[in-house]
Amino acid sequence: MAKGINEYSLPDLMERIEEIFNENPTPIKGFNAIVQYDVHGEETGTYQHYFQNDKLTIKEGVEAAPDVTMALSYDNFKKFVLGKQSGAVALMTGKVKAKGDISKGMKIETILRKYNIKEPF
């Protein structure tokens with residue numbers, strides 16, 4: 001049964017994102033990057049999203065040097081997934097801190113818009 005985003009733990013949400021992206025890989029076709037999320041707040045963790053060969057693989061921890069690292073709260077991460085938080089505004093207001101190739105981080109927002117994830121999912 002589909003759940004609202006607040007019913008997911010951080011690991012479960014990462015798993016669900018991976019499923020959604022791989023069920024329909026068209027929006028990530030040709031995008032190759034390692035995007036790292038350092039999540040803090042009510043839930044914490046570091047996850048790397050490997051966009052390779054038109055597939056998304058998410059791993060907990062740091063296994064490789066990321067192209068871009070984004071540090072943000074779990075609440076802001078959830079808003080970002082649902083398209084309720086603009087990446088550019090989040091960067092300018094300090095809600096997200098990014099290091100590395102910021103253009104690859106901004107590409108994630110474009111990809112998420114194509115998935116148009118809505119609750120419940």
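Colleague: Which residues of H4 are buried?

Modeller: This is a predicted model, in which local features need pLDDT of at least 70, side-chain atom pairs count only at pLDDT 80 or more, and totals for chains, interfaces and linings use all residues. Residues are numbered from 1 along each chain as its sequence is written, and side-chain values use heavy atoms, leaving out hydrogens and water. Helices (H or I, at least four residues) and strands (E, at least two) are DSSP runs, numbered from the N terminus. With buried meaning under 20% relative accessible area, exposed over 50% and partly exposed in between (1.4 Å probe, protein chains only), the buried residues of H4 are Gly-105, Ile-108, Glu-109, Ile-111, Leu-112 and Tyr-115.

Colleague: Within what arc do the buried residues of H4 fall?

Modeller: An α-helix has 3.6 residues a turn, so residues three or four places apart point the same way. The arc is taken from the directions that lead from the helix axis to the C-beta atoms. The buried residues of H4 line one face of the helix, because seen down its axis they fall within an arc of 165 degrees.

Colleague: Which residues are exposed on the other side of H4?

Modeller: The buried face of H4 is covered by elements that include H1, S1, S2, S4, H2 and helix H3 (87-92), where contact means heavy atoms within 4.5 Å. On the other side of H4, the exposed residues are Ser-103, Arg-113 and Lys-114.

Colleague: How far apart are the end C-alpha atoms of H4?

Modeller: The expected span of a helix is 1.5 Å times one less than its number of residues. For the 14 residues of H4 this gives 20 Å, which agrees with the distance between its end C-alpha atoms, 21 Å.

Colleague: Which strands stand at the edges of the sheet?

Modeller: Two strands pair if DSSP finds at least two bridges between them. The sheet is open, with five strands in the order S3-S2-S1-S4-S5 and mixed pairing. Two of its strands have a single partner each, so one side of each is left without a neighbour in the sheet: S3 and S5.

Colleague: Which residue in S2 stands opposite Tyr-37?

Modeller: S1 and S2 pair over seven bridges in the antiparallel sense. Opposite Tyr-37, in S2, stands Tyr-47.

Colleague: What angle does H4 make with S4?

Modeller: Axes are lines fitted to C-alpha atoms, for helices over the stretch in contact, and angles run from 0 to 180 degrees between N-to-C directions. H4 packs on the sheet and touches S1, S2, S4 and S5. Its direction makes with that of S4 an angle of about 55 degrees.
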